[in-house]
Amino acid sequence: MTVHGGNIYEYEGCLDFSANINPLGMPESVVEAAKRGVEASIHYPDVKADKLIRGIAEKEQTDPQWILCGNGAAELIFSVVRAVQPKQALLLAPTFAEYEQALVSEECKVSYYKLNEQDFQVKEDIINQISHDTDIVFLCNPNNPTGKRTKRELLLKIAEKCKECFCMLIIDECFLEFTEQEEEFTMVPYLVQFPNLFILKAFTKIYAMPGLRLGYGITSNTSLLSRMKSGMQPWNLSVPAQFAGIAALKETEYVKQTKEYIKAEREFLYQGLMKLADQAFYGEANYLFFRSEEGLKEKMIKKNILIRDCSNYEGLSKGYYRVAVRTRKENEAFLKAFSQIRGFE
């Protein structure tokens, strides 16, 4: 099983910096909607999730027939891989481990575009690693765990190369909503131009509802969507998840406040990491990536703080970590504990 952040069940009582969830918490309207969903769970869920999909289509300004919802983005990652049946894939190293897990489950061979440890930025030479032998490419924008975004200009070049090579391009935008100028980076406006493009999004992080499990994918490739649907179980979206998702789509002011809050707290946390870590990398999402001493996770646990050890990511050695951007009080608690461990106080 792939190791993820957010294991508060094993580390009960720890302040959780290992999972990148909105520190403002689940909006009250979403909580209430989920409660109504529990009460309505005496019925089967809407198998087509019509109301939810229409809401997503309105938000994304796209065709409802291009949208497929899943039990979190994770279900869609596995579903798209099963539908494409790739033999050769290209992944960033490091990046989210679930892509490789899905690919390996279908006996797909994986190659890596290794990010330079100086900046962990995707560069134009990635295009040289895409050929007619490549069946699928996964890109995470911003990348997890580094928080680095790839500019749309380069994404369009990658999409064009994939199109020429009859290769599917999967772009994971699950954390993009936390960033500034999101509209300048999203590839949603180019779905018509690139039927080989599939975009992943989720309610999980931005609306702080990971336990409800709700994600969606968008593509103009309706044939791909049909193949994905045929391999998915019916009623994969619970009633509470659908109710919560419909309510969340109306929380535009909450998302705006989140962006502003994350921007300020990310800067505060980054400045602290610059002083305490061996190396801190500025990211643009709701988490920060840094390098420090080995065994830091275990030392932090002793101080009741849980961070993400990134040593199990492809392309990373021991000593790399990721922390979520939390509230000011929580961020101060983390920096104080880190400072004590480093012997600065």
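Which residues of strand S2 point one way, and which the other way? In this predicted model, Ile-67 and Cys-69 share one direction, while Leu-68 and Gly-70 take the other. Every one of these residues, 67-70, is buried. The pattern fits a general rule: in a regular strand, side chains alternate between the two faces of the sheet.

Strand S2 does not stand by itself. Its partner is strand S8 (residues 215-218), and the two run in the antiparallel sense, paired over 4 bridges. Within this pairing, Gly-70 sits opposite Gly-215 of S8. Strand S2 also takes part in the second largest pocket, where its 3 residues are the biggest contribution to the lining. This pocket holds about 300 Å³ of space. It is lined by 16 residues, and those closest to the centre are Val-47, Lys-48, Leu-68, Cys-69 and Lys-229.

Cys-69 leads on to the interior of the protein, since it is one of the residues in contact with Leu-52. Beyond the neighbours within four places in sequence, Leu-52 also contacts Phe-203, Leu-214, Leu-237, Gln-242, Gly-245, Ile-246 and Leu-249. Leu-52 and Phe-203, together with Phe-290 and Phe-334, touch the most other members of the largest nonpolar core, a set of 88 residues. Helix H8 supplies the largest share of this core, with 7 residues. A second core of 28 residues is separate, and includes Ile-77, Val-81, Phe-198 and Leu-225. As a general tendency, nonpolar side chains in soluble globular proteins are buried together.

Helix H8 itself covers residues 252-276, 25 residues in total. From first C-alpha to last it reaches 36 Å, close to the 36 Å expected at 1.5 Å a residue. Its buried residues begin with Tyr-254, Val-255, Thr-258, Lys-259, Ile-262 and Glu-265, and continue with Arg-266, Leu-269, Tyr-270, Gly-272, Leu-273 and Leu-276. The list thus holds charged residues such as Lys-259 and Arg-266 as well as nonpolar ones such as Leu-269. These buried residues pack against three strands, S9 (279-281), S10 (287-291) and S13 (320-324), and against helix H10 (328-341).

Enclosed space completes the picture. The model has 1 cavity of 30 Å³ or more, and the largest cavity has a volume of about 70 Å³. Phe-203, already met in the largest core, is among the residues lining this cavity. The other lining residues are Lys-59, Glu-173, Cys-174, Leu-176, Glu-177, Glu-182, Lys-201, Ala-202, Tyr-207 and Tyr-216.

Technical notes:
Residues numbered from 1 in each chain as written. Predicted model: local features only at pLDDT ≥ 70, side-chain atom pairs only at ≥ 80, totals over all residues. Heavy atoms only, no water. Expected span 1.5 Å × (residues − 1). Buried < 20%, exposed > 50% of the residue type's maximum accessible area, 1.4 Å probe, protein only. Contact = heavy atoms within 4.5 Å. Core = buried A, V, L, I, M, F, W, Y, C linked by side-chain atoms within 4.5 Å. Pairing = 2+ DSSP bridges. 1 Å grid on protein atoms, 1.4 Å probe; cavity = no way out; pocket = protein on both sides within 12 Å on 5 of 7 lines; lining within 4 Å. Points joined across faces, edges and corners; volume = space filled by probe spheres on them.
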